[in-house]
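User: I'm new to this one and would like to know what the labels mean. Could you walk me through them?

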Amino acid sequence: MTDWSRTIFFTSVSVTVIAGSFLYGVYGYRNAWPPVPAVIKLHNTVREVISPSDSILETTTAPLPEPVATLLPDALEPGLVAMAAGLDERIAEVRVIDRAGNLIHTYATNWTEIWPDGEGDFPRRPVQNMYLHGVGFLPDGSLVANFDHQSTFRMDVCGEILWKLENLGHHSVHIDENSAIWVPAEIRPSDAPMPYPLHQPQVLNWTLQKISPDGEILKTVQILEMLTKAGYEGLLFMSDLNNLALPVTGDTLHLNDVEVFPEGMDSTLFAPGDVMLSLRNIHTIIVFDADLERVKFVSSGRVMRHHDPDFAGGDRISIFDNRSFTKSDGLQTAASRIVEIDAATGELSVLIDGADPEVGFYTEIMGMHQRLSDGNILVTSAGEGRVLEYTADGELAWRFQNQTEGGEVWRVFWAEVLPPQLDKTFFEEAKSKCGN
């Protein structure tokens, strides 16, 4: 074979291999042929570890001139405010403040102290991203919280860890009237080789856990099995665009909240013990009966990448609607809002419109709200590091911004007005008994 023939031969082989690889890549991606699903899964995992989407480091670009402002003092719900807030490197701290911003109590929820090196079996993540996502208070002043996608734990008012779980808890903590604790969690990925048939997506399998006040896991429910059993497995494929395959992978649902319908709240649709789930990535809210077998309510597409749906009395559900989009004409500013859906009629009403340039708010991810006894609503705009209390008429009554003296603004992951019994006197007496 001449040099010229050899060159033509190897060039032809190279072009054939490259073209074949390209075509296999295109059709492999469309049809979820191996090893495409495994590569996608690895890519998503690495991306989440190196640059998590819920990173603490995002700050607002428009800090308020003062960290705390009381605009309508007579309109405020009485009570201290607790919040899980980032501050410099202390990214996993719960602080209790009064309405003037004075620090009343601190829960030093430090990952490296709660889970020292060598303890626990967790997905790798930089320490600076071991932030709190989901907090709830028990009547004795102890808190239950999640280190996001890592652990659920309980800490007493003196800072002692009462128990901790390697359950991969995340996003929210709901404590019902019986002090049972409800958290989203997840199933650890299997180390076993996984087949990739044409119609088997490799999706994250979230779970719902019910935990006793003593840290015993009372119930674990697999969300994918629950949806399938209820006849809603199609929710897993809401993003599918391929007629021949179902190549959705990863976090198709993004379970980010769980709430239980309480005793003493009237409704024509819901009953005590019914469970509401928030599925952000398909813009869906779903309510199951107490046995988690029958679907009572589904709402899809009425909100966008939402968080924190709450039972609001009657058939009403209020929601933090992140609404993270703008129009191409450039005339609309991204704004979140608090909305309410009547589950019986489907009617949607806006309670607080974050588009107001003077008193509005916007957070692309996270976000919470708390319906208060006087009709006010406490709003946590996580990305802006702000906590805002609005009156029932939508007037801004109080605001807090989590900013440093140097002007850096860090996220607030969760906030709520504490019940009257958890007042300043309670924390003073508790600290006097802690022995330090």
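Analyst: Let's begin with strands: these are DSSP runs of E at least two residues long, helices are runs of H or I at least four long, and both are numbered from the N terminus. Two strands pair if DSSP finds at least two bridges between them. This is a predicted model, where local features need pLDDT of at least 70 and side-chain atom pairs count only at pLDDT 80 or more, while totals for chains, interfaces and linings use all residues. Numbering starts from 1 along each chain as its sequence is written, and side-chain values use heavy atoms, leaving out hydrogens and water.

User: How many helices and strands does that give?

Analyst: The chain has 5 helices and 25 strands.

User: What makes strand 11 and strand 12 a pair?

Analyst: Strand 11 (residues 206–211) and strand 12 (residues 217–222) run antiparallel and are joined by 5 bridges; the definition asks for at least two, so they pair. One bridge links L208 to V221 in strand 12. The two strands form a hairpin with 5 residues between them, and G215 in the turn has a positive phi of about 90 degrees.

User: Which residues other than glycine have a positive phi?

Analyst: Two to look at are S179, with phi near 65 degrees, and H283, with phi near 55 degrees. Most residues other than glycine have a negative phi. S179 sits in the loop between strand 9 and strand 10 (181–186), and H283 in the loop between strand 14 (275–279) and strand 15 (284–288).

User: Why is H283 called partly exposed?

Analyst: Buried means under 20% relative accessible area and exposed over 50%, with partly exposed in between (1.4 Å probe, protein chains only). H283 has 26%, so it counts as partly exposed.

User: And why is S381 called buried?

Analyst: Its relative accessible area is 0%, so S381 falls under the cut-off for buried. S381 is in strand 22. Contact means heavy atoms within 4.5 Å, and, not counting residues up to four places away in sequence, S381 touches F361, Y362, T363 and R386. Over the whole chain of 436 residues, 49% count as buried.

User: Where does M368 fall on that scale?

Analyst: M368 has 21% relative accessibility, so it is partly exposed. Its place is strand 21. Leaving aside neighbours within four places in sequence, M368 is in contact with residues including D308, F320, L378 and W414. M368 and L378 are 10 residues apart in sequence and 8.2 Å apart in space, C-alpha to C-alpha.

User: How do you know that strand 21 is an edge strand?

Analyst: Strand 21 belongs to an open sheet of 5 strands in the order 1-24-23-22-21, with antiparallel pairing. Strand 1 (68–70) and strand 21 are its edge strands, as each pairs on one side only. The twist averages 10 degrees from one strand to the next, with angles taken between N-to-C directions of lines fitted to C-alpha atoms, for helices over the stretch in contact, and running from 0 to 180 degrees. Strand 21 and strand 22 (residues 377–381) are antiparallel and joined by 4 bridges, and H369 has V379 in strand 22 as its bridge partner.

User: Which strands form the sheet with strand 5 in it?

Analyst: That open sheet has 4 strands in the order 5-6-7-8, paired antiparallel. Strand 5 and strand 8 (161–165) are its edges, and the twist averages 15 degrees from one strand to the next. Strand 5 pairs with strand 6 (residues 143–147) over 4 bridges, and V135 has A145 in strand 6 as its partner.

User: What lies in the loop before strand 5 (132–137)?

Analyst: P123 does, between helix 3 (111–114) and strand 5. P123 has a relative accessible area of 39%, so it is partly exposed. Not counting residues up to four places away in sequence, P123 touches H149, Q150 and L168. P123 and L168 are 45 residues apart in sequence, yet 8.8 Å apart in space, C-alpha to C-alpha.
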